[in-house]
Structures are given as structure tokens and as C-alpha cells.
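User: I should like to go through this model in a series of questions and answers. Please reason briefly each time and end on the value or name requested.

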Amino acid sequence: MTDVQEELLSHEVSASHIKSAAHLMRIFLIWVLFACFYDISIYHFNADQFSHYLNLCFLGISCVAVIGWSLITYLLFSRNTHVFNLDILCQLLCLIIGCALGIGIFIINHSSVMVNEPLNYINLTVLPGLTLSIVHILGITYLTQRFRYFLFIFIPSVISIFFWQLLFPQNIPTLYNLIINIWFTVIFVSAVIAHQHRKQLELLKFKSDHLSEQSEIHQEKAYFLQSKLQEEINKSQEIKQQLQLNNQLLEQKVKERTYDIKQINDRLENHQANLTLAHETAGISSWLWNIDKRTISFSHSRTETSDRQFTTHASIFDVLIHPDDLENYRQLMRRHLRGFTERFEATYRIHRLGEWFWIQDIGKVVARHPATNKPLRMVGIHRDIHKEKKDQEQLKLAASVFDQVAEGVFILDNNLCYLDVNPFFEKLIGFKKEQLIGQHIFDITVNDQREIHQTHSQLTQQLILTGEYDAEIQEEFLSGRKLTLWIHINSITDDKNKVINYVGILTDLTDRIKQEQRLSYLENYDLLTDLPNRFYFNLQLHHYVTNNAQSLKHFAVIRINIDRFRSFNEFLSNHAGDELLKQVSQRLRQCCANALLISYLNNDDFAIIYNLNHNNTSIHQHTQNILNTFRQPFVIDGQEQIISISIGVAVYPEHGRQIDSLNSHAELALCEAKRLGGNTIHYYANKSAQLLNKGINLERDLRNAIRNNEFEVYYQPKLCLQTRRIYGFEALVRWNHPELGLIAPDMFIPLAEESSLITDIGQFVLFETCKQIKSWQNMGFDNLRVSVNIVAQQIHRGQLLDDIDQALARYRMSGDMLELELTESSLLDKSEHVMQLLRQIKERHISISLDDFGTGYSSLAYLTNYPIDTLKIDRAFISKIGQEKDEAIVNAIIAMGKAMGMTLIAEGVETRQQVEFLENQGCFILQGFYYAKPLNANDSTLFLSQYKF
């Protein structure tokens, strides 16, 4: 359908073009007459002789133009003229005129050069060139709508010039030929472009006219629909008026009925008041069951009424009545509804206020169907007997518990003499109840030792003073039994708070303690080697890591593996392998007597924790001693065996602050030792370990660095993709060691935090950053924000706010360009203190950023409770962009930050893929090596001045 429409449209446009081109052709013919007259005049003005051929040629063109103008006019205004005939006439006229112009131009050129000597080349340009140019330009103006018209004039007229150039090349300068050729080429290109533009404009005009006609049709349809809508509105108004009239009549009838109902309601209220008074006096509540409508109405003693509607009878039973009482209730109710009993009476539990309550229920059917005798309504009353039932059950339960409980229960008088004991108490201590009644509590125990006598005295005094005793004791009874017991005694007082009795419970812990000791050993020790197992090792390692004692601030985790142990087992036997493990365990005990812990992990793996704080032997000497010890042969099944071991070492805190990282790094070192062939020692190879191996004392040099001002602040840029400008910087501290050069912060910051030097370093960074901010402000860089990292120690020491005020006052600046980056660990403790501090920081117009979100103990409470402005996405997630799960985490953090109105910054950006991903997700502030590494003050200023996206 669309193709047909396009074909019809094209045909209509073509016909329109022909007619329009014919109108323009008439104007063009008039201009051709003018051009011929101009050319003849100029020629005769400059030529010595007349050219009869030229006169005849231009006379012929004039005649053709006049005749053509007349024929076109006739065909345009004739009703029976076909468009095709008009098009053929226009093409014929253009071809005749083009040929005539070509002949005329050839005659002018020939006459000018051969016959008329005074004519120069300027006249040649004016006569033929200008004439053709006029005609061609007029053709571009009036004939390019039908491009073939223009071609029928242009090609014959231009061919004569090119033909003349070929016949008489010696008479025409090369420059003249070149100019003429370029000129007519430009005219031809212009004609092509003009034709394309005219074609597009005509097509668009026709389409516009067509759309205008369609619009008028749609407008007429809309007017018709509008009239229909108005008719419907008028009908709706009539209906509305009729409804208003009916409503007025209905309101009048409602008022009459309301008055009657009010009188009836007054009488009912009087009856209800009398009924309520009767219920309150009797302490009962009433109910009405409309069986036909399936509703129940409850009236309580406090004049409260509640209604419930149910779809079936079963739903009533299931909702209100306890499942255990439901069947008995149904039987009694069914007998009464069928008329077998005069009234219904039952005791059961109902669900009320989330609990089950006992009630006594009495009811009677008051209305039945006259034809089928089917019950329609039933009324009744119920009384709450829950307290009575509960008291009875408690008495039964207390008696049953006292006799059946698997604990020794006893009752004493106010003089601590036995009044009653349960059967388990008799069995526990080996005395009968008759032997105990009247005896003092300690008359049946052996108390000839001083410690036991003191324990008994302490128990008696505490009971008299506090009325309670709860402790673990060891007793030897006169019956010969020695027991470890947990004893709990409470006093019972009367209304005047006077002690009348004591109730006690004895729990036998003897077997339990033995089992716990056995289970503890099995859980924490290996049966073969009699060494602590992996569980106990990790438990103790966690204790050492979290211990705040100064004596455990520096220790080593040593992993030991027996080389080629599997081959040893295969060559000898599993029994020989077990014997080797025992001897290895024994040798480790002997050579590692100063170790904190020696543990057997599994298979052929052992681990040692060695304290490095107060030990004259270095970790290198200690591990070498272990290696040397194992050079001595082992005697297995009467044969000497040479066994070597591999040792891997990780040091706390240089190689990790958590048990996972320490174990992992120690195992990596062990794997490297195994890779080197075994029988060797390898230390976890990070930079801190290298410094340790070189004998560098980081803590001593770090203290000297603070005094000697060896620190320098570097600034890493943050760039905004939206504004295409530098958003700000992050201030990062660097240590220029006099011997080792520039030391990265991950090597000395952990030690600074442990040795309380981080506060001094943080103070230095804060003041240097404020100084640099002031310098940038003086240079005209005002729209920056520089962030400074703050650790938990700076917050909890209480000096941070004073340092900020001093820095701002010293450099006479506001806090608008300063931002503090906090880690999650700094927000864990002292939440009220931290909250107050952050509020005071915000009062100074300083922004707050949460750094490394999601890598530690992440909590959304930080984002909601604390006044955080900026959320930094950690480099650990950015580096894994391209992995689906990690991208999902980044998306979640960005979405959460946007939802909470926070500024989002991604750190550690190093690739173009990461930049494009973050930009697509809406995180526009980026920081990382992709843009720049951390720069010193001078380089960062130069970067700020020269950097452009």
C-alpha cells in the first residue's frame, strides 16, 4: 500500500514539475531574447564587419524564442493539452536554442579572431563567454527544476566552444582555455546542485499540500464528533436534573423513617442499659449468634460490643475455639441445635488477645424456622474461669515437677533445716527422705576441712544477707558420695517480707565436667601428636590478634611442612608415618620451648606462633634453629631416616592484621619454600618483610621522621566527567627515608597506628593540606575540594577538632574547600561521641566522606545516622569491573548513594573500560592512575594549571 502511494505521489509531483517548468520556460525565453540582443549589440559595436551568418543565427534564435513562448502559453492554458506534449515542446525548444547558441558562439569566435583583427581576448571573453554565462545562469534559475531542459541548452552551446578550441588551438591562449573550461564546469555543477534542491523542495511542497488536505478532513471529523459530544452532554444534564428531583423525594422519605427509627433506638438503649447492668453485676458476657446471617455479636461486661462475620460454621469454630476442645464443643452444640437438649452448656478455651482463655459457656436457641425447625438465632452467656483453671493447673504442675524433675530439689525452713526433698535428691546424695527431715543442710556433709567449713559459712552468710546463693561447689556426703554440684537457693518471704522458707536446687556436674574436659581435649587437640589442632590454633591466633597487651604487638606465624611425606608413607607404611608425626611433634616441643603455641594442623602441616617483642632470639635465628634441629636423623622402626622440612613465615602486623591474611601469607611463604625444593626458610615477600630482613627498625625511624620533618604530602587529582574540570585532590602522606628513599604509606601507616604515631602524622598532613589550599586560593583556584584521611585514633583522642580550628585559623581560610575522609572502623565505637564530633565538623562547613565503603564492617547505619556527604567506592571493586558480580556490587553502591543524595567518587580507576562503565552508571567523579598518580605540591599545581579533558 505504501509503495502505491509513493508511486502516485511521484507521478503527481512529476506532472506538477512539468507545468511549473513550462511557466518558468516562458520567462527564460524572454531573457534569451534579451541575451541575443545584448550579444549582437556588443559584437557590432566592436567588430569592423558585419556577420550575416551571425545575424541570421540570432534572428533564428529570436524567432524560435517568440514562437516557443506562444506555443507554451497556448498549451498551458488549453484544457485538452496533455502534460507529455508540453514536456516534449519544452525539450525541443531548449535543444533548438542550445544548438543555435552553439552555432552563434562559434561564429562570434571565428569572426572575432579571423576577420576582425582589432578584437582582443577580453572581447572574446565578453562576447561568447558572458553571453553563454548569462543564458546558463538564467537556465540554472528557471530550468533546473527539469534538469533535462537545462542540459539540452547547456551541452550544445558548450560543445561549440570546446570544438572551436580543438580546431584553432594556436589562436587561443592556454590560460583562456583553462579559465573557460573551469567556468563552465562550475556552472554545470551549480546546475546539478540547484536541480537537486528544487527537486526536494517541490516534493516536500506537494507532501505538505497533501498533509494539509488530510488535516482539513480530520478537522471536519473532529467537528462532527464535537457536535455529537455536545448532544450527549445535553442528555446527561437532563438525566442529572431528573436524578436531583428523585434524590430530594428520597431524602424526605429518609427523614421520616429516621424519626421512627430514633424512637425505636431510644427504647432499645434503655433495654441495653438494663442488660449491661445485669451483666456487670453477674460478671458475665453475652453473645448473639445469627445462624441465618452467619454473624456473632459479643457484648462484654464493659459495654463493649464486637461483631464477626464468617462464611461457614466451621470457620467460627476454627477461629474462636482451641483445637483440643473443638470436637467436644461441636458435639454438645450439634445436640442442642438438633433439639436433643434444652440448653447448651460447655467449658472450653477461646482465643483472645493472642492467648487462650478458659470460659464457661451457656446458650439456647431462641428462634427456629416454622417449617423446617431449622435454628435461626441463638443467645447465650459466658463466664471467664481462666484464673481458676490456671490455679488448679499450676498446683498440679508444681506437684508433678517436684516429683519428676531430674534435679535435686529441697525445701528448708528459716533455720536451714530440711522440710521436704524430691526423689531425685534422695537418689543423688544417697539418703532417704525420712533421714533428712529435720536435719541441718550441712549435717549430712563432711566438713572437717577448713576450706569446706569456710565455704559453708560463706553460703550461710550470703543467704541471710541477700536471700540467694548460686555457685558451683564440691561436696563429700556422709553417704560416701563425692560430687561436683551447682547449687541454687532462694528465700521465700511472707507478706511482711520475712523469710519463712528456702527452696534449693542441686545439679550434678560431675559427669558433665568430665565429658566437657574430654570433649574440650578432642575438640582442641590432636590425638596422635597430642598437639593443639587447627581449631585451637585459629582460636588462639584470633586471641593474639585482638589482644591489646603490649607484649603481643609483634609476633610471627611459622608454617612447617614435612618434605616428601607422602612418598615416605608409600615407601614404609601409614604406621611409620604416624610414628614420624609423633617424633616431629616431640622435636618441635624441644626446640621451640619459648614459642607461644605449637600446633598440628593436618596431614604433615605444623604451625608455631612465636612472640617477637621480648625475645633476644630473632625470628631468623629461631627458624634456622628449627631447620638445624631437623638435620638430625629420626629412628623409625629401628631405621634412621633423614627428614627435611620447609618453613614459611608471616609477621604480625607487617604481613596482616587478621588471622585469614596471616595464615594465607604464611602459607604462601611455605609454598614458595616448597617450590624452591624444600629444606629451606622463606619469608612472606612484601616490602615490610624486606625492610625487616635488612634490619631496619621502622618504629625508631618513624619517630625520628616526625622530629626531622621527613614527611611530604602528595596530592592525587579527582576529575569530574560532567563539568570536564578538576573536582579536587586527595592528600596522601609519603615518607622520604634518608637511606631507603620514598616509602609507600602501606609500609609505615599500620605501624604508626599501633605505636600511636598516627595522630602526629595526621596533624602534619592536615596543616600541610590547609597551607596548600590557601596557596591555590591565592592563585585563583577556588572551586576545589581537598580531602584528608582521618583514622579512628584521631577521632577518639579528642584532639581532631582543635587541630582543624588551628589549621583554619593559621591560614585564614574557611572549611568549604576541605573534606575529611573517614573509614568504617572509625565509626564502630563511641557512636555518640563520633556523632557529636561530626556535627561540629559540619558546622565548620567541612565535607565528610566515607572511604573504602563495603570492604570492612559495612553497615547502612553509617549512611543513615551520620552526616556523610560523599561515598567513595573502593578500588577493590573498581579493579574487578568486567566481572558480573563485582559490577553488581558497584551498581548497588552507586544506586544507594544516589538514592541518599550523596556525592559518589570512584578510586583506583586505571582503564578506559572502567571510565566508560562508571560514566554509564552515573558515577562522574573519578580518581586513579588513568588520569594521574599522586603528585607533590609543585607538580599538582602545574597539573591544575595545564590539565584539560
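User: In which helix is the place of His-336?

Analyst: In this predicted model, His-336 falls within a helix that spans residues 323–337. That helix is α8.

User: Is His-336 buried or exposed?

Analyst: The relative accessible area of His-336 is 2%. Because buried means under 20% relative accessible area, His-336 is classed as buried.

User: Which residues does His-336 contact, leaving aside its neighbours within four places in sequence, and what C-alpha separation does it have from Val-365?

Analyst: His-336 is in contact with Thr-341, Glu-342, Arg-343, Phe-344, Gly-363, Lys-364, Val-365, Arg-368 and Met-378, once neighbours within four places in sequence are left aside. Val-365, one of these contacts, is 29 residues apart from His-336 along the chain. The C-alpha atoms of His-336 and Val-365 are separated by 8.0 Å.

User: Which residues have the most contacts inside the largest nonpolar core, and which helix gives the most to this core?

Analyst: The largest nonpolar core has 78 residues. Those with the most contacts inside it are Phe-711, Phe-748, Ile-841, Leu-918 and Leu-926. With nine residues, the helix that gives the most to this core is α22.

User: How many residues does the second, separate core have?

Analyst: This second core is separate, and Ile-105, Leu-138, Leu-143 and Ile-161 are among its members. Its size is 40 residues.

User: Which cysteine does Leu-918 touch, not counting residues up to four places away in sequence?

Analyst: Leu-918 touches Ile-878, Ile-881, Val-890, Ile-894, Ala-906, Val-909 and Leu-926, not counting residues up to four places away in sequence. The same set of contacts also holds one cysteine, Cys-923.

User: How many disulfides does a search of the whole structure find, and how far is the nearest cysteine sulfur from that of Cys-923?

Analyst: A search of the whole structure finds zero disulfides. Cys-923, which is buried with a relative accessible area of 0%, is in no disulfide. A disulfide needs sulfur atoms within 2.5 Å, whereas the nearest cysteine sulfur, belonging to Cys-720, is away from Cys-923 by 9.7 Å.

User: At what angle do α22 and α30 pack, and what is the handedness of their crossing?

Analyst: Helix α22 covers residues 758–779 and helix α30 covers residues 937–946, with their axes 12 Å apart. The angle at which they pack is about 35 degrees. The crossing of α22 and α30 is right-handed.

User: Which residues make this contact, and how many of them are charged?

Analyst: From α22 the contact is made by Gln-772, Trp-776 and Met-779, and from α30 by Ala-937, Ser-940, Thr-941 and Leu-944. By class, four are nonpolar and three are polar. The number of charged residues in the contact of α22 with α30 is zero.

User: At what angle do α14 and α18 cross, and with what handedness?

Analyst: Helix α14 (residues 534–546) and helix α18 (residues 659–675) have axes that come within 10 Å. Their crossing angle is roughly 115 degrees. The crossing of α14 and α18 is right-handed.

User: How many nonpolar residues take part in the contact of α14 with α18?

Analyst: Helix α14 contributes Phe-537, Asn-538, Leu-541, His-542 and Val-545, and helix α18 contributes Ile-659, Leu-662 and Asn-663. Three of the contact residues are polar and none is charged. The number of nonpolar residues is five.

User: Where is Pro-653 found, and what is omega of the cis peptide bond that joins it to Tyr-652?

Analyst: Pro-653 is found in the loop between β17 (645–652) and α18. The bond joining Tyr-652 and Pro-653 is a cis peptide bond. Its omega is about 5 degrees.

User: What is phi of Arg-724, and what is that of Arg-812?

Analyst: Arg-724 lies in the loop between β19 (711–720) and β20 (725–737) and is partly exposed, with a relative accessible area of 46%. Arg-812 lies in the loop between α24 (800–810) and β23 (818–823) and is exposed, with a relative accessible area of 74%. Neither residue is a glycine, yet phi is positive in each. For Arg-724 phi is near 60 degrees, and for Arg-812 it is about 50 degrees.

Notes:
Residues numbered from 1 in each chain as written. Predicted model: local features only at pLDDT ≥ 70, side-chain atom pairs only at ≥ 80, totals over all residues. Heavy atoms only, no water. Axes fitted to C-alpha atoms, helices over the stretch in contact; angles between N-to-C directions. Helix = DSSP H or I, 4+ residues; strand = E, 2+ residues; numbered from the N terminus. Left-handed = near helix turned anticlockwise from the far one by under 90°. Contact = heavy atoms within 4.5 Å. Nonpolar A, V, L, I, M, F, W, Y, C, P; charged D, E, K, R; others polar. Buried < 20%, exposed > 50% of the residue type's maximum accessible area, 1.4 Å probe, protein only. Core = buried A, V, L, I, M, F, W, Y, C linked by side-chain atoms within 4.5 Å.
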